[in-house]
Amino acid sequence: MKLIDRCNSCGKGLVERGFVTFPCPICSNPIGRCENCREQGVEYVCENCGFRGP
Ligand SMILES: [Zn+2]
Ligand SMILES: [Zn+2]
């Protein structure tokens, strides 16, 4: 399984607390998001299947 070490939305390294990783709802590809992007509701795009989500 691929290790997630950066935010899918802004590309920032996930070194701070508050980030989350979760599987893509479509293809289960792991996605990481930082706390900032989560709070702002920044859109993410799955690199595997192209799914866009809030
Ligand atoms: Zn981010
Ligand atoms: Zn996907």
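Which residues coordinate the zinc ion (ligand 1)? In this predicted model, the zinc ion (ligand 1) is held at 2.3 Å by the SG atoms of Cys7, Cys10, Cys34 and Cys37, and along the chain these donors follow the spacing C-x2-C-x23-C-x2-C. The angles subtended by the four donor atoms run from 103 to 115°, so the arrangement is tetrahedral; for reference, the ideal angle for four tetrahedral donors is 109.5 degrees.

Two of these donors come from separate parts of the chain: Cys10 is found in the segment before β1 (20-23), whereas Cys37 belongs to helix α1 (residues 35-40), and the pair therefore ties together parts that are 27 residues apart in sequence. Cys10 is partly exposed, with a relative accessible area of 42%, while Cys37, at 3% relative accessibility, is buried.

Aromatic side chains provide a further set of contacts, and two aromatic pairs were counted. The ring centres of Phe22 and Tyr44 lie 5.4 Å apart with the planes at 75°, and the pair is therefore edge-to-face. Because Phe22 is located in strand β1 and Tyr44 in strand β3 (residues 44-45), this pair ties together parts that are 22 residues apart in sequence. Tyr44 also forms an aromatic pair with Phe51, which is tilted, with 6.2 Å from centre to centre and 55° between the planes. Phe22, Tyr44 and Phe51 are thus linked by ring pairs into a cluster, in which Tyr44 is buried at 5% relative accessibility, whereas Phe22 is partly exposed at 24% and Phe51 is partly exposed with a relative accessible area of 26%.

Note on methods:
Residues are numbered from 1 along each chain as its sequence is written. Chains are lettered from A and ligands numbered from 1 in the order in which they are written. This is a predicted model: local features need pLDDT of at least 70, side-chain atom pairs count only at pLDDT 80 or more; totals for chains, interfaces and linings use all residues. Side-chain values use heavy atoms; hydrogens and water are left out. Donors are N, O and S atoms within 2.8 Å of the metal (3.2 Å for Na, K and Ca); water is not among the atoms, so sites may look incomplete. Four donors count as tetrahedral if all angles lie between 85 and 135 degrees; four count as square planar and six as octahedral if opposite donors are over 155 degrees apart and all others between 65 and 115; anything else is irregular. Helices (H or I, at least four residues) and strands (E, at least two) are DSSP runs, numbered from the N terminus. Buried means under 20% relative accessible area, exposed over 50%, partly exposed in between (1.4 Å probe, protein chains only). Rings of Phe, Tyr and Trp (its six-membered ring) pair if their centres lie within 6.5 Å; planes under 30 degrees apart count as stacked, over 60 as edge-to-face and the rest as tilted.
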